[in-house]
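Trainee: I should like to go through this structure and ask, for each label, what justifies it.

Mentor: Please do; we shall set each value against its criterion.

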Amino acid sequence: MKKLSVSLKESRFVDLINKKFTGEIRKEDIIGNLQKLKPVDIGTSVLWADDDLCDGGEYLFTFDELTDMLKDSEWRLPTVSEVKELKNYKKDFMDDEYIFTNNGTSLTFYGHGYINVFEKSKGIQFPEDVEGWTADVYPNDCISIYLMNPPENFNVGRYPVVNKKSKLSARLVKDKKDK
């Protein structure tokens, strides 16, 4: 019988299980790429994540799923005003990507489309569009979103057909620390 070269004590899986039962695990340890996101300073009032939130190959989430995922994280959803700041920067569009550039720093948003709660049977709609959640919530579970679609459309606002049960992508932000 061949012995394993790595003991179970050293296994990351066992470590995660132990942390889960002892209460030491953070959500960032188990939620997709949340811990791997890097902050990008493009010149806005916040730092933007360098990539969209992804969990198990999924890029579309309900608002409530995101709220739960981000509960203990320093990352958060951007506000409408924070997204609107991007309009001040050079914008390019290639395939299903929107690229904002300022002083040699770029921030790329990817098209994942969306799943509308009222039309779930249609699956992912407009996969080339960049549509994402903001943190701004209105009555009747209506939430402001941002929408970027070819060639020059960039809108941020309240869309009545989108509510908390729809699935959109999430580009996160974190606050800049005082220097």
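Trainee: What makes Trp133 count as buried or exposed?

Mentor: The model is a predicted one, and its relative accessibility for Trp133 is 0%. Buried means under 20% relative accessible area, therefore Trp133 counts as buried.

Trainee: Which aromatic pair does Trp133 form, and why is it called edge-to-face?

Mentor: The partner of Trp133 is Phe63, with 5.6 Å centre to centre and 70° between the planes. Ring centres must lie within 6.5 Å for a pair, and planes over 60 degrees apart count as edge-to-face. Both conditions are met, so the pair of Phe63 and Trp133 is edge-to-face.

Trainee: How do you know that this pair links distant parts of the chain?

Mentor: Phe63 belongs to helix α2 and Trp133 to strand β6 (residues 130-138), and the two are 70 residues apart. Phe63 also counts as buried, at 8% relative accessibility.

Trainee: How many aromatic pairs are found in the whole structure?

Mentor: The search gives 4 aromatic pairs. One of them joins Trp48 and Phe109, whose ring centres are 5.7 Å apart and whose planes stand at 70°, so this pair is edge-to-face. Trp48 is in strand β2 and Phe109 in strand β5, so the pair ties together parts that are 61 residues apart in sequence.

Trainee: Are Trp48 and Phe109 buried or exposed?

Mentor: Trp48 has a relative accessible area of 0% and is buried. Phe109, with a relative accessible area of 1%, is buried as well.

Trainee: Which residues do ring pairs link into a cluster?

Mentor: The cluster consists of Trp48, Tyr98, Phe100 and Phe109. Two of its members also face each other across strands, since Tyr98 stands opposite Phe109 in β5.

Trainee: What makes Arg171 a charge that sits over the ring of Phe109?

Mentor: The charged end of Arg171 is 4.7 Å from the centre of that ring. The distance limit is 6 Å, and the charge must also be within 35 degrees of the ring normal. The distance of 4.7 Å satisfies the first condition, and Arg171 is listed as sitting over the ring. A second case is Lys174, which lies over the face of Trp75 at 4.4 Å from the ring centre.

Trainee: How do you know that β4 and β5 pair?

Mentor: At least two bridges are needed for a pair. Strand β4 (residues 97-102) and strand β5 (residues 105-110) have 6 bridges in the antiparallel sense, so the criterion is met. Within this pairing, the bridge partner of Glu97 in β5 is Tyr110. By the same test β3 and β4 qualify, with 5 bridges and an antiparallel course; Lys90 stands opposite Thr101 in β4.

Trainee: Which strands stand at the edges of the open sheet, and why?

Mentor: The sheet has 3 strands in the order β3-β4-β5, with antiparallel pairing. β3 (90-94) and β5 each have a single partner strand, so one side of each is left without a neighbour in the sheet. Neighbouring strands of this sheet are turned by 20° against each other on average, direction ignored.

Trainee: What is notable about Asn103, and is it buried or exposed?

Mentor: Asn103 takes a positive phi of about 50° although it is not a glycine. The residue is in the loop between β4 and β5, a hairpin with 2 residues between the strands. Its relative accessible area is 76%; exposed means over 50%, so Asn103 is exposed. In the hairpin of β3 and β4, which also has 2 residues between the strands, Asp95 has a positive phi of about 50°.

Trainee: Why is Asp52 called buried, and which residues is it in contact with?

Mentor: Asp52 has a relative accessible area of 1%, so it falls under the 20% limit and is buried. Asp52 is found in the loop between β2 (46-49) and α2 (63-69). Leaving aside neighbours within four places in sequence, its contacts include Tyr110, His112 and Arg171.

Trainee: What share of the chain is buried?

Mentor: Buried residues make up 41% of the 179 residues.

Notes:
Residues are numbered from 1 along each chain as its sequence is written. This is a predicted model: local features need pLDDT of at least 70, side-chain atom pairs count only at pLDDT 80 or more; totals for chains, interfaces and linings use all residues. Side-chain values use heavy atoms; hydrogens and water are left out. Helices (H or I, at least four residues) and strands (E, at least two) are DSSP runs, numbered from the N terminus. Axes are lines fitted to C-alpha atoms, for helices over the stretch in contact, and angles run from 0 to 180 degrees between N-to-C directions. Buried means under 20% relative accessible area, exposed over 50%, partly exposed in between (1.4 Å probe, protein chains only). Contact means heavy atoms within 4.5 Å. Rings of Phe, Tyr and Trp (its six-membered ring) pair if their centres lie within 6.5 Å; planes under 30 degrees apart count as stacked, over 60 as edge-to-face and the rest as tilted.
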